[in-house]
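Please look through the sequence and the coordinates below before reading on. The paragraphs that follow start from a pair of strands and work outwards from there.

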Amino acid sequence: MKIDIKLDSEYSEPLAVIYTSEITDEVNEAIKKLKEGGTGIITGFNDERAEILSPDDIYRVYSENQKVLAVTDKGTFRLRMRLYQVEERLTGMKFVRISNSEIINLKKTANFDLSYAGTIHVKLKNGESAFVSRRYVSEIKKILGI
């Protein structure tokens with residue numbers, strides 16, 4: 001995708017125009033990112049220390065006991081946002097919801113075990129496991145091309 005930026009003092013607010021011969025996944029992704037304006041920045045808290053978490057370092061985000069937690073190589077961090085807010089920030093970054101209480105990073109998955117009846121067992125690269133709830137199985141299969 002080519003990007004052309006023109007500075008013009010006539011515009012007080014940015015204006016994005018996309019020229020294309022057809023609507024592709026790449027164009028739809030660009031539109032989605034422009035609409036969201038999200039930063040993808042996630043701030044995690046460990047005790048009283050706040051740390052910026054890179055989406056590439058996050059294995060999974062889940063809710064437990066009314067807390068939202070993010071698992072990284074550096075440890076588990078508490079997030080001060082709801083799970084749906086985290087999901088919105090991570091849209092388009094290879095994160096997918098696998099249940100009402102969990103989002104995983106597809107780049108951090110080791111494998112998917114389809115042998116379970118009605119669900120999928122997900123093994124993450126850090127050794128943790130998760131299960132795709134029945135409600136999300138068809139969506140995960142579509143994403144994986146199964």
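In this predicted model, strand β3, which covers residues 58-64, runs antiparallel to strand β7, residues 102-105, and 3 bridges join the two. Within this pairing, Tyr62 has Glu102 of β7 as its bridge partner. The pair belongs to an open sheet of 7 strands with antiparallel pairing, whose order reads β2-β1-β5-β4-β3-β7-β6. At the edges of this sheet lie β2 (49-53) and β6 (95-99), each of which pairs on one side only. If direction is ignored, neighbouring strands of the sheet are turned against each other by 35° on average.

One of the edge strands, β6, holds Ser99, and this residue also leads back to Glu102, since named as a bridge partner in β7. The side chain of Ser99 reaches the backbone nitrogen of Glu102 at 3.2 Å. Is Ser99 buried or exposed? Because its relative accessible area is 10%, which falls under the 20% limit, Ser99 counts as buried. When neighbours within four places in sequence are left aside, Ser99 is in contact with Ser133 and Tyr136.

The nonpolar interior can be taken up next. The largest nonpolar core has 14 residues, and those with the most contacts inside it are Ile42, Leu53, Ile58, Val61, Val68, Leu79 and Val86. At least two residues of this core come from each of β3, β4 (67-72), β5 (75-79) and α2 (83-89). Apart from this core lies another, of 12 residues, which includes Tyr59, Ile120, Ala130 and Val137. As a general background, nonpolar side chains in soluble globular proteins tend to be buried together. Leu79 offers a closer view of the core with 14 residues: leaving aside neighbours within four places in sequence, Leu79 is in contact with Ile42, Thr43, Gly44, Leu53, Val61, Val68, Ala70 and Val86.

A further pairing is found between strand β8, residues 109-113, and β9, which run in the antiparallel sense and are paired over 4 bridges. Here Asn111 has Lys123 of β9 as its bridge partner. The hairpin of β8 and β9 has 6 residues between the strands, and in this hairpin Gly118 takes a positive phi near 85°.

His121 has its place in strand β9, which spans residues 120-124. Why does His121 count as buried? Its relative accessibility is 14%, and buried means under 20%, so His121 falls within that class. Its side chain and that of Ser129 are joined by a polar contact of 3.2 Å. Not counting residues up to four places away in sequence, His121 touches Asn111, Phe112, Asp113, Tyr116, Ser129, Ala130 and Phe131; of these, Ala130 is also among the residues of the core of 12.

The view can now widen to the chain as a whole. The protein chain has 3 helices and 10 strands, and from the N terminus on its elements run α-β-β-β-β-β-α-β-β-β-β-β-α. Along the principal axes, its C-alpha trace spans about 55 × 45 × 25 Å. Buried residues make up 32% of the 146 residues in the protein chain. Of the contacts with a separation of 6 or more, 39% are accounted for by residues 24 or more positions apart. The protein chain exposes about 10400 Å², of which carbon and sulfur atoms supply 47%.

Definitions and conventions:
Residues numbered from 1 in each chain as written. Predicted model: local features only at pLDDT ≥ 70, side-chain atom pairs only at ≥ 80, totals over all residues. Heavy atoms only, no water. Pairing = 2+ DSSP bridges. Axes fitted to C-alpha atoms, helices over the stretch in contact; angles between N-to-C directions. Buried < 20%, exposed > 50% of the residue type's maximum accessible area, 1.4 Å probe, protein only. Polar contact = N/O pair within 3.5 Å; in protein donor to acceptor, adjacent residues only side chain to side chain. Contact = heavy atoms within 4.5 Å. Areas by Shrake-Rupley, 256 points an atom, 1.4 Å probe, with all protein chains shown as cover. Core = buried A, V, L, I, M, F, W, Y, C linked by side-chain atoms within 4.5 Å.
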